[in-house]
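The following exercises ask the reader to work from a sequence and a three-dimensional model towards a description of the fold. Each task is followed by a solution in steps.

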Amino acid sequence: MGGESVDNSTEKMDEDVSVENCAECGESFGGEMVCGHTDGRKTNVKDLDMDTLVMCAGRIQLRDLANMAAVCHQFRAAAYADIVWEAQCRMQWPPQKASWGGTFQFCGGRDAFVGRYHASRQFRYSDPVDWPYHLSNSPITHILLENKSIAVSQGSNILVLNIGGPSEQPEVVRMLRDHNARITCMRLFPQELVTSAFRNGVMGPDNSVLVTSSSDHTIRLWGNGRPRTFRGHNVGVNTLADRLVGGGRGSSAVLASGGEDGRIRLWSLSSTGGNRGKSPLVATFHAHSESVKELIVVGRNDSLLASTSKASSSKIRVWDTHANTTQGACVGSVSGPEGVPVKLLSDGGTCFVAGATKAVAVDLRTMSNVAIVAVDEWGICSFARSSTGFVFGTGSYDGTAKMWDMRMCTDDQPEPWVTLGDHDGPVHCLHIDRYKVVSGGQCDRLVRVWDANTGDEISVLDTIELDRDSFRCGVTAMAVQGSRLVTGTCGDVSGVLRYRDFSNCTNPLEAPGVVTEPRSEGTSKFWEADFEPGVK
């Protein structure tokens, strides 16, 4: 027994000791026993040659590749190797789609990937996947686009579509008809924050649950069976908060809604599962004297709500959802810009609200206006914020979209850094991201795409397929995600849903001032599908 114990201990010690071989003499050493050639230094990742690092870089995901490039100069050189990005191109775009035209085929591996990625995000192609779908002849009011799912509202009905892949057309999977009046708001919430009673929701592939409010005084959470219905508003429900209140560890998620009577109601999403006798209504705040217009979760603390009403001189009120009484729930208020609020946005401890002709920034810690973000004497009808955080956009009644940089707002009369024009009527739909600006209006059937960095017009997209001069229609709803665009129409040709996907396009638009070199028929790039060894 003693001998076996000694043998086992010896084997464990051998496992714990790191054994290495000297690169010069081949002598093995471990622990404190080192040869003269090693100087006590053990091999680490910096001792790997460039070919090995490049091989490792070619096997990791795109986000990890970007993190690798930020470590040091050696890792950056390996991460920027052409062969690594050529492999990324093959993974992102199949070989049959990799014969690029235009400018991008003459760049290196990384430049080609970044160039095509940016071009797809900016809709710089003439051959997207294009799928028009004709619904009933009534305006489309809301569109949600998330990963592989699209949800569309039209009157009191909801249409849900699934998208199989980047080059596949959407497929209608379900029509939801339980509401009895016009749908006023649609939200998607993460499935893990909602009780098990709502798992496997209708937005299935994206692990999201669809929640809707309506003028029929109800809120519905849609699952595979009949929807869960929240009843407690005595009037129509105008809006739902953009995020769930709470939902962290040890706390249940709460849904906030605003009604036409100016009251905010909180609904527990964990009390609607097995205990059907318990009301999900948690609290009611007497928020405003007029109908609630905007409702958002603010700050890094998910227990705070900000709200505005439809009054022409509405105040921005902040609510603590953990308060026990309606009187103690309001923790602060501040006057917003003149006019009915157009949109309410938040970033950390700051709120941004757009009124009739002005948009301001409000510091929630001091409850005071700290900056004027935009001023438009023609009137603001839409308001959006870029993911970069500093750039804002306003849609105007003069048919233009104006871009504002908050870092340049130093006085009471800020100037837009660029004006994007040429719409027939007010710009009601506006989207901004780091690549592009997309604008549309209810009096113009055309959607215009602009470069977010320069303000140059990239393309003009039609929302219907009929003769341009025969009908008057416009864009009532729009959703943009990455390289995809979904639009809905109103007017003479109402109810047209059009889906475009620019992910796997092959024919780039010619950029103004760029001369495209003709491709030599006798030249073949080694990352292209038609490459043959020995052919130059």
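**Exercise 1. Locate Asp-422, describe its backbone and classify its exposure.**

Solution. The model is a predicted one.
Step 1. Asp-422 belongs to the loop that links strand E28 (418-420) to E29.
Step 2. Its phi is positive, about 90°, although Asp-422 is not a glycine.
Step 3. The relative accessibility of Asp-422 is 58%; exposed means over 50%, so Asp-422 counts as exposed.

**Exercise 2. Carry out the same analysis for Asn-147.**

Solution.
Step 1. Asn-147 sits in the loop between strand E4 (142-146) and strand E5 (149-154).
Step 2. Asn-147 is not a glycine either, yet its phi is positive at about 55°.
Step 3. With 40% relative accessibility, Asn-147 is classed as partly exposed, because that class lies between the 20% and 50% cut-offs.

**Exercise 3. Which residues of strand E29 (residues 429-432) lie on each side, and how does E29 pair with E30?**

Solution.
Step 1. Cys-429 and His-431 lie on one side of E29, and Leu-430 and Ile-432 on the other.
Step 2. All of these residues are buried, and both faces of the strand are thus covered.
Step 3. E29 and E30 are antiparallel and share four bridges. Within this pair, Ile-432 has Val-437 of E30 as its bridge partner.
Step 4. Three residues separate the two strands, which form a hairpin.

**Exercise 4. Determine the strand order, the pairing and the edges of the open sheet that contains E17.**

Solution.
Step 1. The sheet has four strands in the order E17-E18-E19-E20, with antiparallel pairing. In general, strands of a sheet pair through backbone hydrogen bonds, in either a parallel or an antiparallel manner.
Step 2. Strand E17 (292-298) and strand E20 (330-335) are the edge strands, each pairing on one side only.
Step 3. On average, neighbouring strands of the sheet are turned by 20° against each other, direction ignored.
Step 4. Six bridges connect E17 with strand E18 (residues 304-309); in this pair, Val-297 has Leu-305 of E18 as its bridge partner.
Step 5. E18 is joined to strand E19 (residues 315-320) by four bridges, and these two strands form a hairpin with five residues between them.
Step 6. Five bridges link E19 and E20, and Ile-316 is placed opposite Val-334 in E20.

**Exercise 5. Describe the surroundings of Leu-304.**

Solution.
Step 1. Leu-304 is part of strand E18 and stands opposite Asp-320 in E19.
Step 2. Leaving aside residues up to four places away in sequence, Leu-304 touches Ile-296, Val-297, Val-298, Val-318, Trp-319 and Asp-320.
Step 3. Ala-329 is 25 residues from Leu-304 in sequence, and their C-alpha atoms are 9.5 Å apart.
Step 4. The relative accessible area of Leu-304 is 24%, so this residue is partly exposed.

**Exercise 6. Compare the expected and modelled spans of helix H6 (residues 109-121), and state what covers its buried residues.**

Solution.
Step 1. H6 has 13 residues, for which a rise of 1.5 Å a residue predicts a span of 18 Å.
Step 2. The C-alpha atoms at the ends of H6 are 18 Å apart, in agreement with that expectation.
Step 3. The buried residues of H6 are Gly-109, Ala-112, Phe-113, Gly-115, Arg-116, Ala-119, Ser-120 and Arg-121.
Step 4. Their cover includes helix H3 (62-69), helix H5 (82-92) and strand E30 (436-441).
Step 5. Phe-123 follows H6 and has a positive phi near 60°.

**Exercise 7. How many disulfides are counted, and are Cys-72 and Cys-351 buried or partly exposed?**

Solution.
Step 1. A disulfide is a covalent bond between the sulfur atoms of two cysteines.
Step 2. With a cut-off of 2.5 Å between cysteine sulfur atoms, the count is zero disulfides.
Step 3. Cys-72 is partly exposed because its relative accessibility is 27%, whereas Cys-351 is buried, at 0%.

**Exercise 8. Summarise the protein chain as a whole.**

Solution.
Step 1. The secondary structure comprises seven helices and 35 strands.
Step 2. Of its 536 residues, 48% count as buried.
Step 3. Among contacts with a separation of 6 or more, 49% join residues 24 or more positions apart.
Step 4. The accessible surface is about 26400 Å², and carbon and sulfur atoms account for 47% of that area.

Terms used. Residues numbered from 1 in each chain as written. Predicted model: local features only at pLDDT ≥ 70, side-chain atom pairs only at ≥ 80, totals over all residues. Heavy atoms only, no water. Pairing = 2+ DSSP bridges. Axes fitted to C-alpha atoms, helices over the stretch in contact; angles between N-to-C directions. Buried < 20%, exposed > 50% of the residue type's maximum accessible area, 1.4 Å probe, protein only. Contact = heavy atoms within 4.5 Å. Areas by Shrake-Rupley, 256 points an atom, 1.4 Å probe, with all protein chains shown as cover. Expected span 1.5 Å × (residues − 1).
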